[in-house]
Amino acid sequence: MCLTGKKEKSKSNRLYLKASSVRLKHLRELITDLGVNELFLYTNNLNKLIYQFEDSFETIYAAGGVVRNKHNELLMIYRRGKWDLPKGKIDPGESALAAAIREVKEETGVKKLKPKRLLNITRYLYRDKGMEVLKIVYWYAMKTNFTGPLTAQSEEQITEVTWKTKKEVSKIPLEDTYVNIQKLI
């Protein structure tokens, strides 16, 4: 699902709806009922829609890294049957950048991280203990010259950590990753 300030023509498996016509708490059911892969809510006041959206759900804040090495390979993790990027919750009092660096180190073992810039902020809904939860993730572009061993954090159900070339990333089937991750990589 995407919140946007502009309406475009609906395409196969992609639907644009005026935000004021939708009850935010029922988005998951709406997406399922409509049978679309992507739902775009549009409005002429995007900041207000984002505020209303975030206010409608329990919100968890997280941060992660889009990490590239000296060969321009992308650091990826395999968790719960999907290719993903390292990320995790922001601790109380911790900045998003500090959390992103900590989470990349914890989940992958990669050190010597050099953050470049805030790359993007993604938002997605998921169900936890019967409740809809909104996760807001701050993504930072990072570089590293680390060449040591990669270590998967098993407590986070990570089973593989690897560097992937641009060609390898492009060959990951869409169903083997998340929509938000596809847009970042």
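## A walk through pockets and cores

About 180 Å³ of space lies in the second largest pocket of this predicted model. Rolling a probe the size of a water molecule over the atoms shows where empty space is left. Let us start with the walls of this pocket. Its lining is made of Arg 68, Asn 72, Lys 166, Val 169, Ser 170, Ile 172, Leu 174, Thr 177, Gln 182 and Ile 185. Sorted by class, these residues are four nonpolar, four polar and two charged. Which element gives the most to this lining? Helix H4 (residues 166-170) does, with three residues.

Now turn to the largest pocket, which has a volume of about 1800 Å³. It is lined by 49 residues, and the closest to its centre are Arg 123, Tyr 124, Leu 125, Tyr 178 and Asn 180. Strand E8 (residues 113-128) supplies the largest share of this lining, nine residues. In the lining as a whole you will find 21 nonpolar, ten polar and 18 charged residues.

Next, find Thr 144, which sits in strand E9 (residues 131-144). Is Thr 144 buried or exposed? Its relative accessibility is 5%, and buried means under 20%, so Thr 144 counts as buried. The side chain of Thr 144 has polar partners: it reaches the backbone oxygen of Lys 111 at 2.8 Å and the backbone oxygen of Lys 112 at 3.1 Å. Leaving aside residues up to four places away in sequence, Thr 144 touches Val 67, Arg 68, Asn 69, Lys 70, Val 110, Lys 111, Lys 112, Leu 113 and Trp 163. You have already met one of these neighbours, Arg 68, in the lining of the second largest pocket.

Some other neighbours of Thr 144, including Val 67, Val 110 and Leu 113, lead us to the largest nonpolar core. This core has 17 residues, and those that touch the most other members are Val 67, Leu 75, Val 104, Val 110, Leu 113 and Met 142. Two or more residues each come from strand E4 (58-68), strand E5 (74-79), helix H3 (96-108), E9 and strand E10 (158-164). The largest share, five residues, belongs to H3.

To see this core from one of its members, pick Leu 75. Not counting residues up to four places away in sequence, Leu 75 touches Val 67, Leu 85, Pro 86, Val 104, Thr 108, Val 110, Leu 150, Val 161, Thr 162 and Trp 163. Finally, there is a second, separate core of 13 residues, with Ala 19, Leu 27, Leu 39 and Phe 57 among them.

Notes: Residues are numbered from 1 along each chain as its sequence is written. This is a predicted model: local features need pLDDT of at least 70, side-chain atom pairs count only at pLDDT 80 or more; totals for chains, interfaces and linings use all residues. Side-chain values use heavy atoms; hydrogens and water are left out. On a 1 Å grid over the protein atoms alone, a cavity is a set of points where a 1.4 Å probe fits but cannot get out, and a pocket is an open set with protein on both sides within 12 Å along at least five of seven lines; lining residues have an atom within 4 Å of a point. Grid points are joined across faces, edges and corners, and a volume is the space filled by probe spheres set on the points. Helices (H or I, at least four residues) and strands (E, at least two) are DSSP runs, numbered from the N terminus. Ala, Val, Leu, Ile, Met, Phe, Trp, Tyr, Cys and Pro count as nonpolar, Asp, Glu, Lys and Arg as charged, and the others, Gly among them, as polar. Buried means under 20% relative accessible area, exposed over 50%, partly exposed in between (1.4 Å probe, protein chains only). A polar contact is a pair of N or O atoms within 3.5 Å; within protein, one must be able to donate a hydrogen and the other to accept it, and residues adjacent in sequence count only if both atoms are side-chain atoms. Contact means heavy atoms within 4.5 Å. A nonpolar core is a set of buried Ala, Val, Leu, Ile, Met, Phe, Trp, Tyr and Cys residues joined through side-chain atoms within 4.5 Å.
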